[in-house]
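Work through the following exercises with the sequence and the 3D structure open beside you. Try each task on your own before you read its solution.

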Amino acid sequence: MCRYFIYLSYSGTAYCGWQRQPNGISIQQMVEEALATITQRTVPIVGAGRTDAGVHALTMPAHFDCEQPIEDLELLAHKFNKLLPKDIAVNKILPVQPTAHARFDACERVYQYVVTGVKNPFNYERVCFMSLKDIDFALMNEAAATLLEYSDFTSFSKLHTDVKTNNCHITKALWSEKADSEWVFTIVADRFLRNMVRAIVGTLFEVGRGRRSVNDFRQLIEAKDRRLAGTSADACGLTLCDVVYGNEIFMR
């Protein structure tokens with residue numbers, strides 16, 4: 001069997017998330033159906049993670065297998081893009097080692113959450129519009145910096161998931177101001193729990209509004225209790241920006 005990584009971009013607004021669901025259309029379903037049309041057989045696709053309903057991706061790698069080598073990967077990507085809807089795109093397809101895994105071999109994942117205080121009809125699907133009056137982003141960054149000191153993020157995980165551990169290694173968590181009254185929260189880790197980034201963002205805004213102190217934020221991490229964290233931020237502002245792998249998994 002020959003294995004390939006397919007790199008996708010998508011707007012998640014119209015979908016129930018990456019993973020197939022019985023009650024909605026998912027990104028995975030759309031890509032698998034397109035591949036079935038191309039190959040005339042059912043080919044499962046395994047994604048690098050599970051983005052929630054309404055969450056976007058600039059880069060979502062996934063892998064699939066073929067019995068024979070694919071001679072023209074650019075042509076295959078073109079066929080995908082002809083079949084897929086306008087809000088899903090294939091950026092490239094690369095051959096990888098037969099044992100490479102889009103999810104388990106990922107070394108690093110990068111998410112960004114974007115908020116703005118200025119309503120813009122041209123970016124409403126990818127940016128969370130909200131009042132930023134009197135929000136202290138410096139204090140939010142002070143709280144966000146404490147995330148790098150911990151590994152167990154049960155307090156920011158969706159309950160009753162099937163993961164074996166709630167440990168993650170966060171290497172960056174920072175708010176930065178961009179043009180047009182936008183603020184971007186960039187968070188980088190080896191892995192993320194379900195709903196983790198949105199729960200962190202929602203809780204950080206409570207710090208920024210003065211409803212929690214930095215010490216309160218630290219204590220809720222240590223409590224390992226999701227009920228103590230804030231409400232999850234809206235999905236529309238969250239984008240999976242990149243997934244990084246070691247060079248050894250790619251065919252030379």
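The exercises below treat strands, single residues and helix pairs in turn.

The model is predicted, so local features need pLDDT of at least 70 and side-chain atom pairs count only at pLDDT 80 or more, while totals for chains, interfaces and linings use all residues. Residues are numbered from 1 along each chain as its sequence is written, and side-chain values use heavy atoms, with hydrogens and water left out.

**Exercise 1. The partners of strand S3**

Task: Find the strands that pair with S3, and state the sense in which S1 and S3 run.

Solution: Begin with the terms, since helices (H or I, at least four residues) and strands (E, at least two) are DSSP runs numbered from the N terminus, and two strands pair if DSSP finds at least two bridges between them. Strand S1 (residues 2–10) is joined to S3 by 8 bridges, and the two run antiparallel; tyrosine 10 has alanine 57 in S3 as its bridge partner. Next comes strand S2 (residues 46–47), which is antiparallel to S3 and joined to it by 2 bridges, with glycine 47 partnered by alanine 62 in S3. The third step leads to strand S9 (residues 238–244), which pairs with S3 in the parallel sense over 2 bridges, and here histidine 56 stands opposite threonine 239. Finally, consider burial, where buried means under 20% relative accessible area, exposed over 50% and partly exposed in between, with a 1.4 Å probe and protein chains only. In S3 (residues 56–66), 9 of the 11 residues are buried, so this strand is largely enclosed by the rest of the structure.

**Exercise 2. Threonine 239 in its strand**

Task: Decide whether threonine 239 is buried or exposed, and list the residues with which threonine 239 is in contact beyond its neighbours within four places in sequence.

Solution: First locate threonine 239, which is found in strand S9. The relative accessibility of threonine 239 is 12%, and therefore this residue counts as buried. Contact means heavy atoms within 4.5 Å, and, leaving aside neighbours within four places in sequence, threonine 239 is in contact with His56, Ala57, Leu58, Val110, Tyr111 and Gln112. The last of these names leads to strand S5 (residues 108–116), which is joined to S9 by 6 bridges and runs antiparallel to S9; glutamine 112 has threonine 239 as its bridge partner. As for S9 as a whole, 5 of its 7 residues are buried, so the strand is largely enclosed by the rest of the structure.

**Exercise 3. Phenylalanine 153 in a loop**

Task: Describe the place of phenylalanine 153 and its surroundings.

Solution: Phenylalanine 153 belongs to the loop between H3 and strand S7 (170–177). With 0% relative accessibility, phenylalanine 153 counts as buried. Not counting residues up to four places away in sequence, phenylalanine 153 touches Leu147, Asn166, Cys168, Ile170, Leu193 and Met196. Then compare sequence with space: phenylalanine 153 and lysine 224 are 71 residues apart along the chain, and their C-alpha atoms are separated by 6.7 Å.

**Exercise 4. Packing of H3 and H4**

Task: Work out how H3 and H4 are oriented to each other, and which residues meet.

Solution: Axes are lines fitted to C-alpha atoms, for helices over the stretch in contact, and angles run from 0 to 180 degrees between N-to-C directions. Helix H3 (residues 137–145) and helix H4 (residues 196–208) pack at about 130 degrees, and their axes lie 8 Å apart. Angles under 35 degrees count as roughly parallel, over 145 as roughly antiparallel, 65 to 115 as roughly perpendicular and the rest as oblique; H3 and H4 are therefore oblique to each other. On the H3 side, Phe137, Leu139, Met140, Ala143 and Ala144 meet Leu204, Phe205, Val207 and Gly208 of H4. By class, this contact has 8 nonpolar, 1 polar and no charged residues, where Ala, Val, Leu, Ile, Met, Phe, Trp, Tyr, Cys and Pro count as nonpolar, Asp, Glu, Lys and Arg as charged, and the others, Gly among them, as polar.

**Exercise 5. Two residues with positive phi**

Task: State where aspartate 134 and asparagine 195 lie, and whether each is buried or exposed.

Solution: Most residues other than glycine have a negative phi. Aspartate 134 has a positive phi near 65 degrees, lies in the loop between strand S6 (128–129) and H3, and is exposed, with a relative accessible area of 67%. Asparagine 195 has a positive phi near 70 degrees, lies in the loop between strand S8 (182–189) and H4, and is buried at 16%.
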